[in-house]
Amino acid sequence: MIQAPHIDGLNQILPEDPLLMMGAGPVPIPGPVAAANGIVINHLGETMARIIDQVKRMGRYIFQTESPWLMGVAGPGSAAMEMAVTNLVWPDTRVLCVCNGFFSQRLAEMARRAGGEVERLLIDEGCRADVSRIEDILQTFEPEVMTIVQGETSNTTHNKDLAAIGALAQRYNCRLIVDAVCTLSTMELNMDDWGIDVVITGGQKGLSSIPGVSLVAFSEHAWQRILQRPVPIPHWTLDAQLATRFWHEASYHYTAPVSGLLALHEAMRLVCEETLERRFQRHRKSSLALQGGIEALGLSLYVPTEARLNSVVGIALPEGLDSKAVCSHISRHFRVEIAGSFGPPIVRIGQMGEQCRVHNLFRTLHALGSTFNALGYPVDLPAGMAALENRLQALSAEE
Ligand SMILES: *Cc1c(COP(=O)(O)O)cnc(C)c1O
C-alpha cells in the first residue's frame with residue numbers, strides 16, 4: 001500500500017502578506033468576487049437560472065452586443081479561444097490569422113488543428129495590424145474566418161483599428177473573431193457597431209475575476225455559420241450548440257463551474273456599477289500615469305505610442321539584465337509580482353481591473369525602481385515617483 005504523504009498546509013506555503021499581483025494576469029480580485037468564489041450552489045435550478053440570466057444581461061452591456069448568443073465556458077481564456085475557433089472552422093475553412101505575437105499565433109495554431117487552411121499575416125514587432133494589408137488578403141485569399149487580438153499581451157501591442165477591420169470583414173463576408181481576453185472592460189470594444197462576430201474573454205484579466213471561467217459571444221452571422229456546419233465539431237464540451245442547453249434552457253450540458261460563475265457574476269456586476277465609461281477612464285489614467293513614471297525613471301517603454309497597449313505595459317530591459325532577475329528581486333524584496341515575457345527582452349506590468357488603483361501604482365513603481373537600482377542598473381527613483389504623481393494630477397484635471 002502506498003503511504004499517505006506528508007503535506008504542508010497552504011499556510012506553510014503561501015506568504016503571510018499576499019503578493020501584489022501586478023503581472024499579466026491573474027490580477028487581484030475584489031472582496032465580493034473572492035466571497036462568491038467560496039460558494040457552491042446547485043448548478044441547475046431557479047437560483048442558477050436567475051444568476052445566468054443576469055450574467056447574460058451584463059455580458060450584453062460589457063461586450064456591447066444585442067446578440068443572444070453569449071455563453072460561458074469552464075476553462076481558461078484559451079478554452080474560449082478554442083470554442084470560438086473550432087465552432088467556426090472545419091476542414092478546409094480558409095482562415096486569415098493576424099499575428100502580432102504569442103497569443104495571436106495560438107489562435108492560428110488552433111485554426112490549423114481544426115483543419116483550417118490558415119494564412120498568417122505576420123505583423124512586425126511593436127506595430128499594429130495594418131488595415132490595407134488585411135484588405136489585400138481579404139480580396140486575394142477570400143478567408144471565411146479571420147482571427148485577431150485586440151491587445152497582444154505577450155509583447156504589449158494594441159491593434160487600434162479594430163472598428164475599420166470589423167467593417168472590412170463584414171464587407172467581405174468574413175467572420176471576425178476578436179480575442180479580448182486582456183482588454184475587455186479596460187478599453188472600448190463595441191462588438192455590434194464594429195462588426196465583430198465573436199468576442200472572447202477570460203476571467204482573470206480585465207474583468208478581475210478568478211481564472212478558469214471564460215466568456216464568448218457569437219453574432220447572429222456567426223451563429224448561422226455554426227448552424228450550417230457540414231460536420232459536427234469534434235469537441236463535445238466546446239460545442240456552442242450544446243452549450244445553449246445550459247446557457248439558454250437552464251438544463252444540463254456539463255456541470256457548470258458554479259463558484260467561478262458566481263465570482264464572474266460579481267466581477268461583472270462591479271463593472272456595471274462602475275459603468276464602462278468610468279472604467280475605461282480609470283484604466284487610461286492609471287496606465288498613462290504609470291508609463292510616465294517609468295519613463296521618468298529613465299527606462300524605455302517597449303512599444304511606440306501608435307501601437308502601445310495600455311492594459312499591459314512593456315518595459316524594455318537594458319543590455320545584460322535578465323527579466324527573471326528583475327521579477328524574482330521585486331517579488332522577494334517588495335512582494336510585488338510582475339511578469340517576464342515569452343521572448344522579447346522586456347518585463348511587463350499589468351493595468352487590468354484592480355491593478356489600476358493609485359496605491360498599487362505607487363507601490364509598484366517604487367518597487368520597480370528600487371529593483372533596478374539594487375541590480376546595478378541605476379534609475380532616478382525620485383523623478384519617477386514625482387512624474388507618476390504629476391501625471392495623475394494632470395490626467396485628473398482633464399476629467
Ligand atoms: C491571457 C491571454 C490569453 C490566454 O488566456 P489563458 O486564460 O491563459 O488561457 C489569450 N489571449 C490573450 C490576449 C491573453 O492576454
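How do the residues of the shell around the ligand divide into nonpolar, polar and charged? In this predicted model, the shell comprises five nonpolar, five polar and three charged residues. The paragraphs below consider where the ligand sits, which residues approach it, and how the surrounding chain is built.

The ligand occupies the space of the largest pocket. There, 13 residues surround the ligand, and the closest are Gly77, Ser78, Thr153, Asp179 and Lys205.

Three of these residues may be examined through their polar atoms. For glycine 77, a backbone N or O atom lies 2.8 Å from an oxygen atom of the ligand. Aspartate 179 instead places a polar side-chain atom 2.6 Å from a nitrogen atom of the ligand. Lysine 205 also uses its side chain, with a polar atom that lies 2.6 Å from an oxygen atom of the ligand. Of the 380 Å² of accessible area that the ligand has on its own, the protein covers 89%.

The shell may also be described by its helices. Helix H4, which spans residues 77-88, and helix H5, which spans residues 102-113, each supply at least two residues of the shell. Of the contributions to this shell, that of H4 is the greatest, with three residues.

Finally, the chain can be viewed on a wider scale. An unreviewed UniProt entry places the feature "domain: Aminotransferase class V" at residues 41-333. Over residues 41-333, the chain is 45% helix and 16% strand. The C-alpha atoms at the two ends of this stretch are 41 Å apart.

Terms used:
Residues are numbered from 1 along each chain as its sequence is written. This is a predicted model: local features need pLDDT of at least 70, side-chain atom pairs count only at pLDDT 80 or more; totals for chains, interfaces and linings use all residues. Side-chain values use heavy atoms; hydrogens and water are left out. A residue is near a molecule or strand if one of its heavy atoms lies within 4 Å of it. A polar contact is a pair of N or O atoms within 3.5 Å; within protein, one must be able to donate a hydrogen and the other to accept it, and residues adjacent in sequence count only if both atoms are side-chain atoms. Accessible areas come from the Shrake-Rupley method with a 1.4 Å probe; for residues, only the protein chains shown count as cover. On a 1 Å grid over the protein atoms alone, a cavity is a set of points where a 1.4 Å probe fits but cannot get out, and a pocket is an open set with protein on both sides within 12 Å along at least five of seven lines; lining residues have an atom within 4 Å of a point. A molecule sits in a cavity or pocket if more than half of its atoms lie within 2 Å of its grid points. Helices (H or I, at least four residues) and strands (E, at least two) are DSSP runs, numbered from the N terminus. Ala, Val, Leu, Ile, Met, Phe, Trp, Tyr, Cys and Pro count as nonpolar, Asp, Glu, Lys and Arg as charged, and the others, Gly among them, as polar. UniProt positions are given in the numbering used here, feature names are shortened, and annotations may be inferred rather than shown by experiment.
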